[in-house]
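Got the model open in your viewer? Here's a short tour, stop by stop, with what to select and what you'll find there.

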Amino acid sequence: MEDILRPLIVIGGSVAITLLIGWAVDRLLLRTDARHPETPLWGLLRRARLPLQVTVCAALLRGSYDKTHARVVREHASGIGQVLALVLIAATAWLAVRVSAAVVESSYYRYAASAHDPARVRRVRTQVTLIQRVVTAIVGVVAASAMLLTFPTMRTVGTSMLASAGILGVVAGVAAQSTLGNLFAGLQIAFGDMVRIGDTVVVDGEWGTVEEITLTFLSVRTWDERRITMPVSYFTGKPFENWSRGGTQKTGAVLFHLDHSAPIEAMRMKLGEIVRKSPAWDGRDWNLAVTDTTPSTMVVRALITARDPDDAWTVRCEVREQMIAWLREHHPYALPRITTATVHPPRPAPGAGPGSEDRLARFDGELRKDGTGSRRG
């Protein structure tokens with residue numbers, strides 16, 4: 001009877017204590033979060049309840065499993081202890097990652113709530129994201145190393161591995177040159193302020209918004225909701241356009257190819273009317289001028305300012321659509337046209353044979369009948 005009750009008491013007691021500690025910590029964090037609404041730290045720490053319970057349970061079982069005196073435990077004591085030690089190390093690493101993530105996210109939320117510069121907020125967001133990834137990677141490497149060192153054979157070969165660490169480091173560095181390059185490029189982006197999460201960029205002719213930055217790759221969401229994934233080393237080794245750096249304000253341009261008789265002054269007045277009614281215009285400036293001319297048309301450029309690239313795109317579309325509709329309705333002559341000229345049949349050359357006049361008259365009648373008596377100029 002004791003062989004059954006003792007394991008139940010040890011295991012059941014460990015589970016009960018684990019559940020009690022998890023519940024108590026969660027209630028404490030909940031009350032603390034209610035008393036301190038200025039910071040989300042305590043609410044974010046509640047996400048660590050599960051890894052905390054796993055850590056506590058593994059620690060309790062690791063310290064008391066041999067007290068069960070069960071036959072299975074006596075026969076496989078080393079194996080059970082090894083498994084519990086591995087679970088304890090993994091759970092502790094999980095708990096450390098969750099706690100660090102809560103601290104980093106809380107710091108970012110508090111900064112974003114008090115900052116007034118969107119560019120600095122995006123910069124801090126990029127940095128804390130990459131810092132969290134670095135912390136996760138370090139904790140994972142340390143946990144994996146600690147788990148390996150729990151095996152006696154790994155401790156035995158540890159000395160010889162340290163002796164050859166220099167050679168292995170050189171070989172690994174050469175083999176993972178691209179990966180390491182992206183890793184350092186990610187850190188350079190995080191603290192060099194080259195590109196940030198939320199920035200509007202143009203890479204390889206594609207316009208989009210930076211959606212995610214990791215230690216190895218960067219994801220750009222295009223205007224048509226495609227995702228372009230690029231190595232972060234691209235942004236440290238090649239030129240690209242960053243429309244958000246130095247401020248989000250942008251000037252949009254709309255080009256019109258019109259006839260030389262287009263009413264420029266009336267168009268300028270109409271442009272002012274359009275932009276003043278547009279919510280996408282930021283109220284800074286607008287302008288209209290003739291920038292080029294060709295033998296058949298002239299190029300009229302409208303400039304409109306906006307708060308960000310999205311609003312610049314919107315106001316450009318509005319100006320283009322409403323201005324063309326206004327020209328078509330009130331000044332159709334200003335739209336580009338293709339002039340045509342009548343084709344006259346050639347006159348018979350002197351000394352032409354008999355019947356030339358009849359053939360030319362017949363040719364002229366066919367042209368008029370078929371409607372092909374004109375050609376494009």
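Start with the outward side of helix H12: select Trp313, Glu321, Arg328 and Glu329, the exposed residues on the face turned away from the helix's buried side. Keep in mind as you click around that this is a predicted model.

Now show the whole of H12, residues 309-330. Its 22 residues reach 31 Å from first C-alpha to last, close to the 32 Å expected at 1.5 Å a residue. Next, colour the buried set: Pro309, Asp311, Ala312, Val315, Val319, Met323, Trp326 and Leu327. Turn the view until you look down the axis of H12; the buried residues fall within an arc of 140 degrees, so they line one face of the helix. The general pattern helps here: an α-helix has 3.6 residues a turn, so residues three or four places apart point the same way.

What do the buried residues of H12 pack against? Select strands S1 (200-203), S2 (206-213), S6 (250-258), S7 (281-293) and S8 (298-306), plus helix H11 (264-277). Before leaving, zoom in on the start of H12, where a side-chain oxygen of aspartate 308 comes to within 3.1 Å of the backbone nitrogen of aspartate 310.

Hop over to H11. This helix has 14 residues and spans 20 Å between its first and last C-alpha, close to the 20 Å expected. Pick out its buried residues: Ile264, Met267, Lys270, Leu271, Gly272, Ile274 and Val275. Yes, a lysine is on that list. The cover over these buried residues includes S6, S7, S8 and H12.

Next stop, strand S3 (residues 217-222), where you'll find arginine 221. Buried or exposed? Arginine 221 sits in between, partly exposed at 33% relative accessibility. Draw a C-alpha to C-alpha distance to valine 210: 6.3 Å in space, with the two positions 11 residues apart in sequence numbering. Leaving aside neighbours within four places in sequence, arginine 221 is in contact with Gly208, Thr209, Glu211, Arg226 and Arg227.

Two loops are worth a look for their backbone angles. Most residues other than glycine have a negative phi. In the loop between S1 and S2, select aspartate 204: its phi is positive, about 50 degrees, although it is not a glycine. Aspartate 204 is exposed, at 63% relative accessibility. Then go to the loop between S3 and strand S4 (227-231) for glutamate 225. Phi of glutamate 225 is near 70 degrees, again positive in a residue other than glycine, and this glutamate is exposed at 62%.

Now helix H6 (residues 118-149), home of glutamine 132. Glutamine 132 is buried, with a relative accessible area of 14%. Setting aside neighbours within four places in sequence, its contacts are Val97, Ser100, Ala101 and Val104.

How many aromatic pairs are there? Just one turns up in the count. Select tyrosine 108 and tyrosine 109: the ring centres are 5.7 Å apart and the planes are at 50 degrees, so the pair is tilted. Tyrosine 108 is buried at 16% relative accessible area, whereas tyrosine 109 is partly exposed at 41%.

Last, the cysteines. The disulfide count is zero. Try cysteine 57, buried at 18% relative accessibility, and cysteine 317, partly exposed at 30%.

Methods
Residues numbered from 1 in each chain as written. Predicted model: local features only at pLDDT ≥ 70, side-chain atom pairs only at ≥ 80, totals over all residues. Heavy atoms only, no water. Helix = DSSP H or I, 4+ residues; strand = E, 2+ residues; numbered from the N terminus. Expected span 1.5 Å × (residues − 1). Buried < 20%, exposed > 50% of the residue type's maximum accessible area, 1.4 Å probe, protein only. Arc of directions from axis to C-beta. Contact = heavy atoms within 4.5 Å. Polar contact = N/O pair within 3.5 Å; in protein donor to acceptor, adjacent residues only side chain to side chain. Phe/Tyr/Trp six-rings, centres within 6.5 Å; stacked < 30°, edge-to-face > 60°. Disulfide = S-S within 2.5 Å.
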